[in-house]
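Colleague: Could you take me through the nonpolar interior of this model, residue by residue where that helps, and then show how the surrounding helices, strands and aromatic rings relate to that part? I would like one connected account rather than a list.

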Amino acid sequence: MTEQSEWRFSDDRGQLSTAPRRPGRVLAYVQAGATLWGLGIRPQAVFGSDHDGPEPDRAKTGTLPLDEVAYVGAGAALDVERLLDGRPDLVVAVSYGGGHVYGLAPETAKPLEERVPVVVIDVSQARTFGEIGDRFAELARSLGAEDRADADADLDAARDRLRTLTATGPAGARRVVALSPAGPDQAHVARPGMWPELRVLTELGVQLVEPAPGPGANWSTLGRAETFALRPDVILTDIRAHAAPLDELRGDRDGSAPVVPWNPEPLYGPRDHARFLGLVADALEAARTR
């Protein structure tokens, strides 16, 4: 086997994974798998995190064809033998820092790496959305994906649209609150600077409301009245399965503020990102007519 024919990829832990040939049976954390699908790579199977259940969370899967891609479970249901049941030749996971494999217990991740190459992409707040996207794109290209200029064009157009909408300045800005409902009495309100995708919105001129300083690095947990005292003109609401429905939090409160479905575990492909930016732009336009 020549050096040129060997597959090699250095992940965000600095670990080099190698294989005699390009991997074709990829098992991935659901966020990574859905992102790779958007970049032109179909995973063989995906797995969830401790937040997930025996069925895949449709909020996280994007356009992943679940009739073709197996879901092997999540959390305590996962062990090495179950993960390796489909004979994957590569595992793609994510980390929120420190190189820890998200979604897998250490006692599962370590023996897994002894039997199959594991590539970990850092999706933590320390990185920009673009940096994370670039790493997924590099991995996808190494697995055989081709660059898609039309996808980049869609993303550029979505960014330009948002910049145009927000160019009126602070006087015409609409207040946007990103939150994860926790039931009828409270919500976890996102601290925008801690989320790469929300930082993109801020850079494009969107006025994301910052909750007051206090406990919670990524979220500020507020009561219902405190949440709506932030006076949101647009709400980005967590649509993952473990979040409560927004209607449960709002109750009979005025529900006229446009709502954008938000997955705090975003997909990093250009088409997926463009789709999200487009929904935000739609909501800002709707808020202007209120």
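Modeller: The largest nonpolar core has 74 residues, and among these Phe136, Leu201 and Leu236 touch the most other members. Helix α9 gives the most to this core, with eight residues. Please keep in mind throughout that this is a predicted model. As general background, nonpolar side chains in soluble globular proteins tend to be buried together.

I begin with leucine 236, whose contacts, leaving out residues up to four places away in sequence, are Val176, Val177, Ala178, Leu179, Leu198, Leu201, Leu208, Val260, Trp262, Phe276 and Val280. A second core, separate from the largest one, has 11 residues and includes Val177, Val189, Leu246 and Leu249.

Two of the contacts of leucine 236, Val260 and Trp262, lead to strand β13, along which the side chains alternate: Val260 and Trp262 point to one face and are buried, whereas Val259 and Pro261 point to the other face and are not buried. Strand β13 pairs in the parallel sense with strand β12, residues 234-238, over four bridges, and within this pairing threonine 237 stands opposite proline 261.

From helix α9 I would single out leucine 277, which is placed in that helix and is buried, with a relative accessible area of 0%. Not counting residues up to four places away in sequence, leucine 277 touches Leu155, Ala158, Arg159, Leu162, Val200, Leu201 and Leu204; Leu201 in this list is also one of the residues with the most contacts to other members of the largest core. For a sense of extent, the C-alpha atoms of leucine 277 and aspartate 85 are separated by 38 Å, the two residues being 192 apart along the chain.

Phe136 brings us to helix α4, where Phe129, Ile132, Gly133, Arg135, Phe136, Ala137, Leu139, Ala140 and Ser142 are buried. The cover over these buried residues includes β1 (7-10), α1 (30-38), β6 (90-95), β7 (118-122), α6 (196-203) and α9 (270-288). Helix α4 itself runs over residues 129-142, and its 14 residues reach 20 Å from the first C-alpha to the last, close to the 20 Å expected at 1.5 Å a residue. After the helix comes glycine 144, whose phi is positive, near 110°.

Three of the elements that cover α4, namely α1, β6 and β7, also belong to the description of an open sheet of five strands, in the order β5-β4-β3-β6-β7 and with parallel pairing, on which α1 packs by touching β3, β4 and β6. The edge strands of this sheet are β5 (70-71) and β7, each of which pairs on one side only. Strand β3, residues 26-29, and strand β4, residues 45-47, pair in the parallel sense over three bridges, with leucine 27 opposite alanine 45 in β4. The direction of α1 makes about 120° with that of β3.

The aromatic rings deserve a separate look, and a search of the whole structure finds nine aromatic pairs. In one of these, the rings of tyrosine 96 and tyrosine 102 have centres 5.0 Å apart and planes at 75°, so the pair is edge-to-face. Tyrosine 96 counts as partly exposed at 38% relative accessibility, and tyrosine 102 likewise counts as partly exposed, at 22%. The rings of tryptophan 195 and tryptophan 262 have centres 5.7 Å apart and planes at 75°, so this pair is edge-to-face as well. The tryptophan pair links distant parts of the chain, with tryptophan 195 in the loop between β9 (186-190) and α6 and tryptophan 262 in strand β13, 67 residues apart. Both tryptophan 195 and tryptophan 262 are buried. Tyr96 and Tyr102, together with Tyr29 and Phe47, form one aromatic cluster.

Finally, threonine 227 in helix α7, residues 224-228, is buried with a relative accessible area of 1%, and beyond its neighbours within four places in sequence threonine 227 is in contact with Leu179, Ala187, Val189, Leu222 and Pro232. Val189 is included in the second core, while Leu179 is among the contacts of leucine 236. In the loop between α7 and β12 lies arginine 231, which has a positive phi of about 55° although it is not a glycine and which counts as exposed at 53% relative accessibility.

Note on methods
Residues numbered from 1 in each chain as written. Predicted model: local features only at pLDDT ≥ 70, side-chain atom pairs only at ≥ 80, totals over all residues. Heavy atoms only, no water. Expected span 1.5 Å × (residues − 1). Buried < 20%, exposed > 50% of the residue type's maximum accessible area, 1.4 Å probe, protein only. Contact = heavy atoms within 4.5 Å. Phe/Tyr/Trp six-rings, centres within 6.5 Å; stacked < 30°, edge-to-face > 60°. Core = buried A, V, L, I, M, F, W, Y, C linked by side-chain atoms within 4.5 Å. Pairing = 2+ DSSP bridges. Axes fitted to C-alpha atoms, helices over the stretch in contact; angles between N-to-C directions.
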